[in-house]
Amino acid sequence: MNNGNGNNQPQVYKRIIQDIHEWPIAKISKNREAVIEAVVEETMQTILQKNKTEDDVHNELAKAIYYEKIRIDGRRWKIDPKDDKAFWDYVKNRLVELESHADNKIDEEKELLRKIITRYVTEIVGNFNVRTYNFAERFVPFAFNRLLNASHSRAFRKIFGNKKHLLRSINLVGEIEQVRKFAKDSIIIAVPTHSSNIDSITAGWGISAIGLPAFFYGAGLNLFSVRFLAFFMHRLGAYKVDRRKKNAIYLEALKVYSTQVIQQGGHSLFFPGGTRSRSNHLESNLKLGLLGTALEAQRRLILNSNGENFKKIFVVPVTMNYGFILEAPELIDEYLRNVGKERYFVPADKYSSSYKLIKFMIRFFTADADFNIAFGKCMDIFGNTVDENGISLNANGNEIDIRDYFKSKGELTNDTQRDSVYTKMLSESIVAAFKINNVAMCEHVVAFTAFKLFQKKNPELDIYGVLRIPEEFREIDKEEFKHAATQVRDKLLKLRSNGKIRIDELLEAENIDDVIEYGVKKLGVYHAKRPLVFTKQKNIKCQNMKVLLFYHNRIENYGLEKYV
Amino acid sequence: MSKQESVGVIGAGSFGTVVANLLAENKHVYLFSRRKEFVDDAQLNRKINDHKIHENITVINDLELLTKECFLIFPVIPSGSFKEVIRSMSSYLRPDHILIHGTKGLAIRNKGKKKLETKQKISRERVLTMSELIRKESAVVRVGCIAGPNLAKEMQQQLPAATVIASRFDEVIHEGQNALKSNRFQVYGSYDIEGVELAGVLKNILAIGSGICSGLNLGENARALLITKGLAEIINLSKYLGAEERSFLGLAGIGDIIATCSSPNSRNYTVGFRLAKGEKINDILNSMEEVAEGVNTIKIANALANNYKVNCPIIKTLYEGIYDNLSVDAGLEYLMNFKFSMDVEFM
């Protein structure tokens with residue numbers, strides 16, 4: 001493992017809190033029933049506050065039934081409870097019944113609302129348990145310890161023929177000490193980029209690997225269908241998020257849960273892109289719902305402490321970059337099909353068979369594929385930079401007292417419109433941080449260079465035309481490729497010196513041939529058809545244009561195209 | 001005096017003084033000027049440039065005092081000194097301050113780069129609106145702007161008018177409305193702060209053009225042509241800058257264009273008029289008491305149009321007239337022979 005400091009010694013990070021019982025997630029999750037009760041209660045209050053009249057409550061219930069009916073009529077997921085349809089039929093019939101009741105209608109409707117909320121919250125709330133976490137560590141083969149200590153057991157591997165030996169594969173880089181420091185007394189919100197379903201594991205793994213306690217995080221409900229995956233995700237602190245449930249009651253319950261755990265000091269992880277990046281571009285448009293809960297938690301922490309000695313929340317942008325993404329072909333297909341169109345997707349319940357996924361993960365974690373996790377600088381909940389003591393600073397280095405953000409005319413106030421603008425501002429800061437913390441890898445450089453060369457050679461074709469270039473024209477002369485790849489690599493090095501991007505250290509290899517060799521061999525290494533291969537003459541040939549586009553996209557928008 | 005009752009105005013030029021007088025009908029006002037002797041004189045005589053100031057106005061020379069006493073502050077200063085002023089008060093400004101500016105200009109992130117030349121291109125990232133400048137130079141986030149047909153001379157005469165306050169924050173719009181509105185002054189709101197700022201800034205280009213029309217006695221048909229096609233140009237350009245088109249159809253766009261393009265009271269119009277009469281641009285600018293923002297705006301707009309390859313013949317001609325000594329006749333000939341295609345293409 002490379003610690004990102006220029007030396008290749010694996011860095012082992014001690015847990016910042018040794019005793020798992022003392023982890024925030026363990027303390028908060030201790031009494032699941034109490035957690036559920038508190039979330040149900042607050043969700044009830046919030047929904048009733050937003051729906052003041054009897055008619056409003058009725059309409060809210062009717063809307064929920066409508067949306068749930070659409071969901072249930074659609075494709076069933078393995079994880080969906082057996083009584084799903086029965087429950088919602090009951091809710092529907094009950095609501096119809098109540099329409100003819102004159103007395104107590106509102107009370108009965110509230111009761112119905114409570115039942116729905118309780119059902120949702122029971123599904124959502126995570127199941128972190130100290131005993132099973134320990135159990136996992138001790139007994140489960142190919143589990144935590146194996147993953148966490150992968151770097152210890154792995155020998156140095158040959159990478160550049162006989163020239164260099166580097167300990168490779170999993171890179172944890174960036175502002176790791178800073179986040180470790182702040183995680184002791186403050187609350188961390190990690191916001192990673194999202195490319196693959198295994199991000200749920202790798203992000204959780206990355207957090208453990210740098211010695212942080214487990215984080216709360218929302219993982220797609222469909223992932224819990226795979227018992228193997230569900231097992232890990234529970235250990236890692238996952239709670240369930242169902243993207244198919246789009247009604248206001250469900251979304252409110254989710255937000256309340258998130259707000260409460262953060263407010264109680266639980267480190268949390270959101271994928272702010274909301275879903276995997278279909279194109280493999282860095283996320284540029286973030287979902288604000290869960291980010292907003294972090295802001296609300298900060299507001300409450302300040303309010304409840306009367307403004308003194310409140311816990312501060314820090315946001316850590318995390319970029320995750322892979323040389324191989326299992327789902328690349330299907331993701332880029334979805335992207336191309338939907339580019340320029342707004343279409344609602346029912347995410348498929350893809351991995352209900354564990355076998356393929358387990359096989360992939362074993363390979364991924366133990367051997368061949370590369371990935372980088374880069375931790376960006378911590379920022380406060382408004383996107384400001386902070387100094388080494390966590391004090392917020394404006395662009396000119398003046399200290400900012402973040403309590404002032406929640407004040408109007410000197411008083412702490414509750415202004416949801418104001419806070420929604422703050423959340424948007426935070427999302428803009430996260431997007432900017434993703435860009436400078438993105439880790440360019442050899443794989444990206446060869447994919448980018450190849451795709452841009454195809455575009456350059458065919459200026460009359462639009463992107464769809466380029467994707468359809470016949471196979472016999474998909475070869476690039478080795479010298480031409482080398483020249484362009486050198487230009488791209490050099491520009492990336494320059495951007496890195498200016499703090500505009502991070503680069504994987506293999507990209508710094510003295511000889512560009514090494515970069516090309518490594519990149520081509522590792523790019524999409526387990527795809528049925530690897531995107532790039534060498535011909536006998538050492539020219540570069542593309543076997544899959546769409547997947548090439550996918551990997552190329554990761555370093556688009558840095559102005560590199562001028563150099564090809 | 002309690003904090004809630006005081007609002008601040010930075011800049012005691014003609015528009016700053018007008019804004020202060022409007023605010024003073026509802027609140028106590030601290031009006032800041034950086035000239036100490038001017039402050040003493042204004043406080044003593046209750047007049048600024050022969051215009052009476054409201055009894056609720058205290059003229060001061062102390063930015064720290066102003067930021068301590070006021071949560072709501074209106075910077076009304078030329079874009080050329082905007083950055084310097086915000087920087088000088090940056091350490092006093094907090095996130096709970098509200099700044100609503102009334103400056104119709106743009107700034108450039110220079111970073112030692114060369115000055116803008118004729119063919120030079122500039123990207124949106126290098127251009128700052130005044131609200132962006134406030135965000136960049138201070139901890140203030142609750143920013144807004146006022147823009148609209150607000151000719152200072154008419155407002156000094158207490159004639160009826162309206163303005164628009166744009167901000168992403170409801171609070172900014174409401175506080176601004178409460179502070180400014182009166183029987184003779186309507187205050188509208190908008191969330192499209194970029195659009196409203198850009199409309200207010202770019203319309204000055206048309207005001208200069210309109211002044212030239214008058215100076216050359218080209219008639220009202222020509223003025224209508226210039227304004228209509230000029231508006232299309234600035235809307236087209238603004239699409240690349242992050243603005244919503246519809247803001248150009250409101251008070252800050254059409255509203256302000258109608259006022260400034262037909263009034264000799266407008267500074268930018270006056271610049272155009274005097275250019276048409278053969279005066280040199282430097283002589284005109286040196287003789288003016290206050291800044292005509294449009295002159296600098298033309299330079300930036302031209303560079304933006306170059307960068308985004310937006311067809312802007314009117315802006316280009318005005319640029320060349322002012323900065324490249326293109327004669328008025330040659331410019332007119334160029335424009336009248338320019339091959340335009342369809343009429344309304346921007347919506």
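In this predicted model, a residue is called buried when its relative accessible area is under 20%, exposed when that area is over 50%, and partly exposed in between.

Q: What makes strand β5 of chain A mostly covered?
A: Strand β5 of chain A spans residues 216–220, and four of its five residues are buried. Each of those four therefore falls under the 20% limit.

Q: How do you know that β5(A) pairs with strand β6 of chain A?
A: Two strands count as a pair if at least two bridges are found between them. β5(A) and β6(A) (residues 238–241) share four bridges, in the parallel sense, so the condition is met. Within chain A, Gly220(A) stands opposite Val241(A) of β6(A).

Q: How many bridges join β5(A) to strand β7 of chain A?
A: Two bridges join β5(A) to β7(A) (residues 268–269), and these strands run parallel. The requirement is at least two bridges, so β5(A) and β7(A) qualify as a pair. Phe216(A) stands opposite Ser268(A) in β7(A).

Q: Why is strand β9 of chain A described as largely enclosed by the rest of the structure?
A: Five of the five residues of β9(A) (residues 371–375) are buried, so the strand is largely enclosed by the rest of the structure. Phe371(A), Ile373(A) and Phe375(A) point one way, Asn372(A) and Ala374(A) point the other way, and all are buried.

Q: Which strand is joined to β9(A) by five bridges?
A: The partner is strand β8 (residues 313–322) of chain A, and the two run antiparallel. Asn321(A) has Asn372(A) of β9(A) as its bridge partner.

Q: Why do β17 and β19 of chain A count as edge strands of their sheet?
A: The open sheet has three strands in the order β17-β20-β19 (chain A), with antiparallel pairing. β17(A) (475–476) and β19(A) (532–534) each have a single partner strand, so one side of each is left without a neighbour in the sheet. β17(A) and β20(A) (residues 540–542) pair over two bridges, and Glu475(A) has Lys541(A) in β20(A) as its bridge partner.

Q: Why is the contact between Asp80(A) and Arg71(A) called a salt bridge?
A: The definition asks for a side-chain nitrogen of Lys or Arg within 4 Å of a carboxyl oxygen of Asp or Glu. Here the distance from N to O is 3.8 Å, so the pair qualifies. Asp80(A) is buried at 5% relative accessibility, and Arg71(A) is buried at 8%. Both belong to a network of salt bridges whose members include Glu68(A), Asp84(A), Arg119(A) and Lys245(A).

Q: What makes Lys521(A) and Glu517(A) a salt bridge, and where do they lie?
A: The closest N and O atoms are 2.7 Å apart, so the 4 Å limit is satisfied. Both residues lie in helix α20 (residues 512–522) of chain A, four residues apart, about one turn of the helix. Lys521(A), at 44% relative accessibility, is partly exposed, and Glu517(A), at 27%, is partly exposed.

Q: How do you know that Arg142(B) forms a salt bridge with Glu171(B)?
A: The closest N and O atoms of Arg142(B) and Glu171(B) are 3.0 Å apart, so the 4 Å criterion is met. The pair links distant parts of the chain, for Arg142(B) is in strand β10 (residues 142–147) of chain B and Glu171(B) is in helix α7 (residues 170–180) of chain B, 29 residues apart. Arg142(B) and Glu171(B) are both buried.

Q: What makes Met336(B) exposed?
A: Met336(B) has a relative accessible area of 56%; the limit is over 50%, so the residue counts as exposed. Met336(B) lies in helix α15 (residues 328–336) of chain B. Together with Leu218(B), Leu225(B) and Leu332(B), Met336(B) forms a nonpolar surface patch with about 340 Å² of accessible area.

Q: Why is Glu54(A) called partly exposed?
A: Its relative accessibility is 36%, which is neither under 20% nor over 50%, so Glu54(A) is partly exposed. Glu54(A) is in helix α3 of chain A and forms a negative surface patch with Asp55(A), Asp107(A) and Glu111(A).

Note on methods. Residues numbered from 1 in each chain as written. Chains lettered and ligands numbered in written order. Predicted model: local features only at pLDDT ≥ 70, side-chain atom pairs only at ≥ 80, totals over all residues. Heavy atoms only, no water. Patch = residues over 30% accessible without salt bridge, like charges linked within 9 Å, V, L, I, M, F, W, Y side chains within 5 Å. Areas by Shrake-Rupley, 256 points an atom, 1.4 Å probe, with all protein chains shown as cover. Lys, Arg positive; Asp, Glu negative; His and termini not counted. Charge placed at Lys NZ, Arg CZ, Asp CG, Glu CD. Buried < 20%, exposed > 50% of the residue type's maximum accessible area, 1.4 Å probe, protein only.
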